[in-house]
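The exercises below are meant to be worked with the sequence and the coordinates side by side. Please try each task before reading the solution that follows it.

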Amino acid sequence: MNKKVFLGALTVAGLAAGAAAAATIDDVKARGTLKCGSNEGLAGFAAPDANGVWQGFDVSLCRAIAAAVLGDAQAVEFVPLTSQTRFTALAAGEVDVLVRNSTWTFSRDTDLKLDFVGANYYDGQGFMVRTDIGVSSAKELDGTTVCIQTGTTTELNLADFFRTNNISYEPVPVATNAEGQQQYLAGACDVYTTDVSGLAATRATFENASEHVILPEIVSKEPLGPAVRHGDNDWGDIVRWTLNALIAAEEYGVTSANVMELAAGPTANPEINRLLGTEGELGAMIGLDKDWAVRAIAAVGNYGEVFERNIGEATPVGLARGLNAQWTEGGLLYAPPFR
C-alpha cells in the first residue's frame with residue numbers, strides 16, 4: 001500500500017472511530033435517559049423492589065453514571081438481559097452500557113469487541129450444596145449432578161476443575177439464574193455453581209438459607225465489571241471514571257453525607273479538590289461539567305456505601321469486603337489518581 005493510500009485509510013478509520021466514540025454520549029443526552037443492560041434479577045445486585053424500582057449494587061453504578069451525565073440518577077431505563085443475550089444487546093446498541101455481573105476476559109474484550117472499563121467486583125467461582133449431603137469440600141463432589149448456566153465462563157471453569165482433580169460430574173444446563181435456582185431447589189441437581197457473589201445472592205432468597213452451604217473452594221478469577229462497545233472511547237472514559245470516582249471517594253472519606261460540604265471547598269487535599277471539581281478542569285476533559293462526580297457520589301454514595309447498603313455483611317446477601325476492600329485495607333480496590 002502506498003503512503004497516501006495508507007494515510008487515507010488511517011484518516012477514514014480515525015473518523016469512523018471518532019464518530020463511534022461520540023455516538024453514545026450524544027444519544028444518551030438527546031434521549032435524556034441511560035439504557036443500562038442489567039441482570040434479570042439477582043438479589044442485592046440488580047432487581048426491582050416491591051414498587052418496581054430497580055435497586056442493587058450494579059444498579060447504583062448505572063444511577064451514578066446517569067447522575068454524572070444527565071444530572072438525574074433516576075433517568076435510567078433498565079434492560080434485563082440473560083447471560084446469552086447480554087453481549088449481543090450491547091454490541092447491537094440496544095443498551096448504552098452493560099452493568100451485569102459479567103467477567104472481564106481476553107476473548108470478550110477482543111473477539112466480542114467490547115471494552116471492559118474496570119472491575120467493580122472481584123469474584124471467583126464456587127459451589128453450593130445442601131448441608132444434608134454431608135460434603136465439606138468441592139473435591140468430594142465426584143459423580144454429582146451440577147446445575148450450570150450456559151453462555152458463561154463457569155462452564156469451562158467447571159470442566160477444568162473436575163478434570164484437574166480427576167473426578168466426574170453430570171452437567172445440568174440452565175439458561176438463567178432463576179432456572180438454575182428452581183432446578184437446584186427441585187433436586188434436579190446436587191450442586192449449583194456460579195460466582196460466589198451470585199451464590200450468596202441466590203441463597204439469600206431461599207426460605208431456608210441455612211440448609212445450604214457455599215463450599216470453601218474458589219476455582220477461578222472472575223473480575224466483574226461494566227462494559228461498553230469498542231470505539232466508544234469518550235463514553236468509555238465517562239463510565240470508567242464514574243466508577244473510579246466512587247472508589248476514590250471511599251478512600252478519601254468523601255460520602256453522600258459530606259460531599260456537598262466538601263464540594264464547597266477547596267479542602268486541604270488536592271486529590272479531593274480535583275475529584276469534586278473545585279480545582280483543575282478534569283470534568284471538561286471528559287465532556288462533562290465540574291460537578292459530575294459530586295452528583296454521582298451524592299446520588300448513590302461512595303463505593304463502600306454502595307457495597308454495604310446492597311450486599312454487605314448486614315444484608316441478606318451477607319458478603320464480606322474481602323478482595324473488594326480498599327488497597328489500603330489489604331484489598332484490590334484501587335482508583336488511578338485524579339490528576
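## Exercise 1. A covered helix

The buried residues of α7 pack against β7, β8 (125-130), α6 (177-185), β11 (191-195), β12 (212-214) and β13 (222-224). The model is a predicted one.

**Task.** Establish how many of the residues of helix α7 (residues 196-203) are buried, and name them.

**Solution.** Begin with the cut-off, since a residue counts as buried when its relative accessible area is under 20%. By this criterion seven of the eight residues of α7 are buried, and the helix is mostly covered. The buried residues are V196, S197, G198, L199, A200, A201 and T202.

## Exercise 2. A helix with a buried side

**Task.** Find the buried residues of helix α13 (residues 303-310), explain how they are placed around the axis, and identify the residue that caps the N-terminal end.

**Solution.** First, list the buried positions of α13, which are Y303, G304, V306, F307 and N310. Next, consider their directions from the axis: these residues cover an arc of only 165°, which puts them on the same side of α13. Then look at what they meet, for the buried residues of α13 pack against α2 (57-70), β7 (121-123), α8 (233-252) and α12 (292-300). Finally, turn to the N-terminal end of α13, where N302 acts as the cap, with a side-chain oxygen 3.0 Å from the backbone nitrogen of G304.

## Exercise 3. An enclosed strand and its partners

**Task.** Decide whether strand β1 (residues 34-39) is largely enclosed or open, and find which residues stand opposite G37 in β4 and in β5.

**Solution.** Start with burial: five of the six residues of β1 are buried, so the strand is largely enclosed by the rest of the structure. Continue with the pairing to strand β4 (residues 76-81), which is parallel and extends over six bridges; within it, G37 stands opposite V79. On turning to strand β5 (residues 97-98), one finds that it runs parallel to β1 and is joined to it by two bridges, and that L98 is the bridge partner of G37 there.

## Exercise 4. The disulfides

**Task.** Count the disulfides, locate the cysteines of each, and state which hand the disulfide of C147 and C189 has.

**Solution.** Take sulfur atoms within 2.5 Å as the criterion; the count then comes to two disulfides. One of them joins C36 and C62, with sulfur atoms 1.9 Å apart. This pair links distant parts of the chain, as C36 lies in strand β1 and C62 in helix α2, 26 residues apart. Both ends are buried, C36 at 0% relative accessibility and C62 at 1%.

Another joins C147 and C189, whose sulfur atoms are 2.1 Å apart. Here too distant parts of the chain are linked, with C147 in strand β9 (residues 144-149) and C189 in the loop between α6 and β11, 42 residues apart. The torsion about the S-S bond of C147 and C189 is about -105°, so this disulfide is left-handed. C147 is buried at 0% relative accessibility, and C189 is buried with a relative accessible area of 1%. With bonded cysteines counted along the chain, the pattern is 1-2, 3-4.

## Exercise 5. Backbone exceptions in loops

**Task.** Find where the cis peptide bond between G265 and P266 lies, and decide whether K113 and N166 are buried or exposed.

**Solution.** Recall the background first: most residues other than glycine have a negative phi, and most peptide bonds are trans. The bond joining G265 and P266 is cis, with omega about 10°, and P266 lies in the loop between α9 (259-263) and α10 (270-276). K113, although not a glycine, has a positive phi of about 60°; it belongs to the loop between α4 (106-110) and β6 (114-116) and is exposed, with a relative accessible area of 53%. N166, also not a glycine, has a positive phi of about 55°; it sits in the loop between α5 (154-164) and β10 (169-174) and is exposed, at 70% relative accessible area.

## Exercise 6. The nonpolar cores

**Task.** Name the residues with the most contacts inside the largest nonpolar core, and list what L276 touches outside its neighbours within four places in sequence.

**Solution.** The largest nonpolar core has 70 residues, and those with the most contacts inside it are W235 and L276. Once its neighbours within four places in sequence are set aside, L276 is in contact with V254, V259, L262, A263, K290, D291, V294 and I297. A second, separate core of 13 residues includes F127, A138, L158 and I167.

How values were computed: Residues numbered from 1 in each chain as written. Predicted model: local features only at pLDDT ≥ 70, side-chain atom pairs only at ≥ 80, totals over all residues. Heavy atoms only, no water. Buried < 20%, exposed > 50% of the residue type's maximum accessible area, 1.4 Å probe, protein only. Helix = DSSP H or I, 4+ residues; strand = E, 2+ residues; numbered from the N terminus. Arc of directions from axis to C-beta. Contact = heavy atoms within 4.5 Å. Polar contact = N/O pair within 3.5 Å; in protein donor to acceptor, adjacent residues only side chain to side chain. Pairing = 2+ DSSP bridges. Core = buried A, V, L, I, M, F, W, Y, C linked by side-chain atoms within 4.5 Å.
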